[in-house]
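Trainee: Got a few minutes to go through this one with me? I'd like to quiz you on it.

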Amino acid sequence: MNPSHSPELERQQSTDPETLLAFLNDKDLGLGAKQRTLVKAQRVEISSAAASPIFVVFRGQLQVYVPTRQGTDVFVTDVEDGEMVGESAAFAEHDTPLLIEASKPTEVYVINRGHFIRAMTESSAFSIAVMRAMCRRLCRVNQRLATTVARSMRERLEIELRRLAKPMPDGSMQIDRLLTHEELALRISSQREAVTKELSRLVQRGVISRHRRGLRILRFDQLADAETS
């Protein structure tokens with residue numbers, strides 16, 4: 001599907017002209033972006049050796065991991081709507097691959113690295129949009145690193161629950177589909193058993209409750225807040 005045939009994409013482009021989405025169907029840039037849908041839990045490896053393309057998220061969410069020699073995939077960050085992943089492999093040759101995984105069905109636009117680099121060289125506006133997207137993602141990575149170093153496991157889990165939750169009309173906060181305990185552990189640099197134990201403790205305290213496949217935060221004022229505490 002050609003990006004120019006997507007009414008929703010055109011609407012987003014007109015309302016926020018400084019995002020990467022605003023450049024996908026720019027004929028002068030000639031990005032040749034192609035639409036692709038990644039199903040939930042689908043994984044793609046990105047590396048400079050494989051000449052991997054750049055992925056721009058249109059709708060959904062990607063999780064980025066770095067594989068280790070010990071067989072553990074270390075969680076790095078999420079990639080949200082209007083953000084990208086894969087530019088590091090396009091900018092420089094390096095030996096560290098990345099794994100991206102769709103945390104839910106995710107629509108992306110795929111850009112050939114040659115077209116991407118050429119557009120960066122020829123368009124200052126596109127380059128600025130790329131830098132903005134990179135900085136947003138880097139700020140989250142830095143915040144997560146600071147949390148990992150300075151906070152206890154209990155605080156890190158509570159902060160992550162806050163990040164994943166959305167506000168409800170009754171004043172509570174809800175996670176519609178909670179990650180597995182192992183996935184949560186990877187995100188907060190902990191162990192699955194510790195996450196399971198702490199979630200049970202929060203349920204017993206009445207801070208959270210199970211809600212179908214997710215959970216509801218009933219007393220969110222008691223959860224650690226990364227920005228204010």
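**The cavity and its surroundings**

Mentor: Sure, and keep in mind that this is a predicted model. A place to start: helix 4 and helix 5 each supply at least two residues of the lining of the largest cavity.

Trainee: How many cavities of 30 Å³ or more does the structure hold, and how much space lies in the largest cavity?

Mentor: The count of cavities of 30 Å³ or more comes to 1. As for the space in the largest cavity, the value is about 40 Å³.

Trainee: Which class of residue supplies 5 of the lining of the largest cavity?

Mentor: Go through the names: R144, T147, T148, R156, E160, R163, R187 and I188 line the largest cavity. The nonpolar class has 1 residue and the polar class has 2, and the 5 you ask about are charged.

Trainee: And from which domains does that lining draw at least three residues each?

Mentor: Helix 4 and helix 5 each give at least two residues to the lining. On the domain level, at least three residues come from each of domain 1 (20–149) and domain 2 (153–222).

**Salt bridges**

Trainee: What separates R163 and E160 along helix 5?

Mentor: Their side chains meet in a salt bridge, 3.5 Å from N to O. R163 is partly exposed at 33% relative accessibility, whereas E160 is buried at 2%. Because the two sit 3 residues apart in helix 5 (residues 153–164), what separates them is about one helical turn.

Trainee: E160 has another partner, R187. How many residues apart in sequence are the parts that this pair ties together?

Mentor: The side chains of E160 and R187 meet in a salt bridge at 2.8 Å, N to O. E160 belongs to helix 5 and R187 to helix 6 (residues 181–187), so the pair ties together parts that lie 27 residues apart.

Trainee: Is R187 buried or exposed? And which residues make up the network that salt bridges with shared partners form?

Mentor: E160 is buried, and R187 is buried as well. Salt bridges that share partners make one network, and its members are D78, R144, E160, R163 and R187.

Trainee: Where in the chain do R136 and E83 lie?

Mentor: This pair is one of 18 salt bridges, with the side chains meeting at 3.5 Å, N to O. The pair links distant parts of the chain, 53 residues apart: R136 is in helix 4, and E83 is in the loop between strand 5 and strand 6.

Trainee: Which of R136 and E83 is buried, given their relative accessibility?

Mentor: The cut-off for buried is under 20% relative accessible area. R136, at 36%, counts as partly exposed. With a relative accessible area of 3%, the buried one is E83.

**Strands**

Trainee: Why is strand 3 said to be largely enclosed by the rest of the structure?

Mentor: Look at its pairing. Strand 3 runs antiparallel to strand 8 (residues 106–111) over 5 bridges, and antiparallel to strand 6 (residues 84–85) over 2 bridges. The enclosure itself is read from burial: strand 3 (residues 54–59) has 6 residues, and it is largely enclosed because the number of buried ones is 5.

Trainee: Which residue is the bridge partner of V57 in strand 8, and which residue does V56 stand opposite in strand 6?

Mentor: V57 has V108 as its bridge partner. On the strand 6 side, V56 stands opposite M84.

Trainee: Which residue of strand 5 is the bridge partner of Q63?

Mentor: Strand 4 (residues 62–67) pairs with strand 5 in the antiparallel sense over 6 bridges. In their hairpin, with 5 residues between the strands, G71 takes a positive phi near 90°. The bridge partner of Q63 in strand 5 is D78.

Trainee: And which residue of strand 7 does L62 stand opposite?

Mentor: Strand 4 and strand 7 (residues 98–102) run antiparallel, joined by 4 bridges. L62 stands opposite A102.

**The second largest pocket**

Trainee: Which element gives the largest share of the lining of the second largest pocket?

Mentor: About 250 Å³ of space lies in that pocket. Of its 14 lining residues, T77, E87, R137, L138 and V141 are the closest to the centre. Strand 5 (73–79), helix 2 (87–91) and helix 4 (124–150) each give two or more residues. The largest share, 6 residues, comes from helix 4.

Technical notes: Residues are numbered from 1 along each chain as its sequence is written. This is a predicted model: local features need pLDDT of at least 70, side-chain atom pairs count only at pLDDT 80 or more; totals for chains, interfaces and linings use all residues. Side-chain values use heavy atoms; hydrogens and water are left out. Buried means under 20% relative accessible area, exposed over 50%, partly exposed in between (1.4 Å probe, protein chains only). Two strands pair if DSSP finds at least two bridges between them. On a 1 Å grid over the protein atoms alone, a cavity is a set of points where a 1.4 Å probe fits but cannot get out, and a pocket is an open set with protein on both sides within 12 Å along at least five of seven lines; lining residues have an atom within 4 Å of a point. Grid points are joined across faces, edges and corners, and a volume is the space filled by probe spheres set on the points. A salt bridge is a side-chain nitrogen of Lys or Arg within 4 Å of a carboxyl oxygen of Asp or Glu. Ala, Val, Leu, Ile, Met, Phe, Trp, Tyr, Cys and Pro count as nonpolar, Asp, Glu, Lys and Arg as charged, and the others, Gly among them, as polar. Domain bounds come from an automatic or database domain assignment.
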